[in-house]
Amino acid sequence: SPPLGAAPRRCIGDQFAMLEATVLLVKLLQNFDFTFAVDPDARLQPKRGLGGMPVADIGMRTGATIHTEHGLWMSVSKRGDPQ
């Protein structure tokens, strides 16, 4: 049998939904800056990641999908606004 989603009776809107989600993500990334928000007193200890960039050890939990242990808190600001 074909893999899930490859059968002849697919949803006619799945391609549009994926395009719509992609456009939304692009618009968000164009208009907003996202920074990882780390509470200095939290259990999340800052460390260095790839390329020496500061990152936090957020912890991973697996199941059917991969999740963070404590969520992934972000600080969002509109691009061009003073910090």
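Which residues does Asn-31 touch, not counting residues up to four places away in sequence? Keep that question in mind while you set up the view. The model is predicted.

**Whole chain**

Start with a cartoon of everything. You should find one helix and six strands. Trace them along the sequence and the pattern reads α-β-β-β-β-β-β. Now switch on the surface. The accessible surface of the chain comes to about 7,500 Å². Carbon and sulfur atoms hold 62% of that area. Colour by burial next. Of the 83 residues in the chain, 4% are buried. For contacts with a separation of 6 or more, 44% join residues 24 or more positions apart. The next stops show pairs of that kind.

**Stop 1: Asn-31**

Select Asn-31, which is found in helix α1. Here is the reply to the opening question: Asn-31 touches Ser-77, Lys-78 and Arg-79, once residues up to four places away in sequence are set aside. Draw a distance from the C-alpha of Asn-31 to the C-alpha of Arg-79. It reads 5.5 Å, although the two positions lie 48 residues apart in numbering terms. Is Asn-31 buried, exposed or something in between? Its relative accessible area is 30%, so Asn-31 is partly exposed.

**Stop 2: Asp-33 and Arg-79**

Keep Arg-79 on screen and add Asp-33. Show both side chains. They meet in a salt bridge, 3.3 Å from N to O. The pair links distant parts of the chain. Asp-33 belongs to strand β1, and Arg-79 to the segment after β6, 46 residues apart. The count for the structure comes to one salt bridge. Both partners can be seen from outside in part. Asp-33 has a relative accessible area of 29%, so it is partly exposed. Arg-79 has 44%, and therefore is partly exposed.

**Stop 3: Lys-78 over Phe-32**

Select Lys-78 and Phe-32. Look down onto the ring. The charged end of Lys-78 sits over the ring of Phe-32, 5.4 Å from its centre. Lys-78 was also on the contact list of Asn-31. If you go on to search for aromatic pairs, expect zero.

**Stop 4: Ser-75**

Move to Ser-75, in strand β6. What is in contact with Ser-75, leaving aside its neighbours within four places in sequence? Select Asp-33, Phe-34, Thr-35 and Ala-37. Asp-33 is the salt-bridge residue from Stop 2. Now take the C-alpha distance from Ser-75 to Thr-35. The two are 5.2 Å apart in space and 40 residues apart in sequence. Ser-75 has 39% relative accessibility, so it counts as partly exposed.

**Stop 5: the nonpolar patch**

Step along to Val-76, which also lies in strand β6. Val-76 is one of the residues in a nonpolar surface patch of about 790 Å². To see the whole patch, select Leu-24, Leu-25, Leu-28, Leu-29, Phe-34, Phe-36, Leu-72, Met-74 and Val-76. Show them as a surface over the cartoon. Which element gives the patch its largest share? Helix α1 does, with four residues. Three elements each supply at least two residues: α1 (14–31), β1 (32–36) and β6 (74–78). Phe-34 is part of the patch, and Phe-34 is also in contact with Ser-75.

**Last view**

Leave α1, β1 and β6 coloured. Asn-31 is in α1, Asp-33 is in β1 and Ser-75 is in β6. Those elements share the nonpolar patch.

Methods:
Residues are numbered from 1 along each chain as its sequence is written. This is a predicted model: local features need pLDDT of at least 70, side-chain atom pairs count only at pLDDT 80 or more; totals for chains, interfaces and linings use all residues. Side-chain values use heavy atoms; hydrogens and water are left out. Buried means under 20% relative accessible area, exposed over 50%, partly exposed in between (1.4 Å probe, protein chains only). Contact means heavy atoms within 4.5 Å. Accessible areas come from the Shrake-Rupley method with a 1.4 Å probe; for residues, only the protein chains shown count as cover. Rings of Phe, Tyr and Trp (its six-membered ring) pair if their centres lie within 6.5 Å; planes under 30 degrees apart count as stacked, over 60 as edge-to-face and the rest as tilted. A charge sits over a ring if NZ of Lys or CZ of Arg is within 6 Å of the ring centre and within 35 degrees of the ring normal. Patches are made of residues with over 30% relative accessible area and no salt bridge: like charges are joined within 9 Å, nonpolar side chains (Val, Leu, Ile, Met, Phe, Trp, Tyr) within 5 Å. A salt bridge is a side-chain nitrogen of Lys or Arg within 4 Å of a carboxyl oxygen of Asp or Glu.
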